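Please open the model in your viewer, with the sequence panel alongside, and follow the selections below in order.

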Amino acid sequence: MQYDTGKHCVFYHRYHIVWSTKYRFKVLTGTLRLRVRDICRQVCRENEVEILRGVLSSDHVHMFVSVPP
C-alpha cells in the first residue's frame, strides 16, 4: 500500500465511482463519449483528484480515484 502525503497529513483515500445512464441506454458513443471523458478529467483536475483507473463503456462509467483530504 502506498500512502500519499499532504502538507500536514498522510492519507490513503481511494474511491470506486460508477455512473450509469438511465435504463442503461447505450448513448455514450462517438463525440459524446469523448466529451464525457474530457469533462471527467477536467472536473478531477479542478478538484485535485487523481484518476488511477477509468473505463468508459457505452452505458456506464467506472472511475477509481485518489482524493486528497
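The tour goes from the annotated region to a sheet, then to its strands and to one helix residue.

This is a predicted model, in which local features need pLDDT of at least 70, side-chain atom pairs count only at pLDDT 80 or more, and totals for chains, interfaces and linings use all residues. Residues are numbered from 1 along each chain as its sequence is written, and side-chain values use heavy atoms, with hydrogens and water left out.

**Select residues 9-69.** For these residues UniProt lists "domain: Transposase IS200-like" in an unreviewed entry; such annotations may be inferred rather than shown by experiment. Over residues 9-69 the chain is 28% helix and 38% strand, with its end C-alpha atoms 9 Å apart. Helices (H or I, at least four residues) and strands (E, at least two) are DSSP runs, numbered from the N terminus.

**Select strands 3, 4 and 5.** These form an open sheet of three strands in the order 3-5-4, with antiparallel pairing, where two strands count as paired if DSSP finds at least two bridges between them. Strand 3 and strand 4 are the edge strands, each pairing on one side only, and the twist from one strand to the next averages 15 degrees.

**Select strand 5 with each neighbour in turn.** Strand 3 (residues 14-20) is joined to strand 5 by seven bridges; among the partners, R14 is matched with S66 and W19 with V61. On the strand 4 side (residues 50-56), six bridges make the antiparallel connection to strand 5, with L56 standing opposite V61, and a hairpin of three residues leads from strand 4 into strand 5.

Why is strand 5 largely enclosed? Five of the seven residues of strand 5 (residues 60-66) are buried, so the rest of the structure largely encloses this strand; buried means under 20% relative accessible area, exposed over 50%, and partly exposed in between, with a 1.4 Å probe and protein chains only.

**Select helix 1, then V36.** Helix 1 lies across strand 3, strand 4 and strand 5, and runs at about 165 degrees to strand 4; axes are lines fitted to C-alpha atoms, for helices over the stretch in contact, and angles run from 0 to 180 degrees between N-to-C directions. Within helix 1 (residues 30-46) you will find V36, which is buried at a relative accessible area of 19%. Leaving aside residues up to four places away in sequence, V36 touches L28, L56 and V61, contact meaning heavy atoms within 4.5 Å. Finally, add S57: V36 and S57 are 21 residues apart in sequence and 11 Å apart in space, C-alpha to C-alpha.
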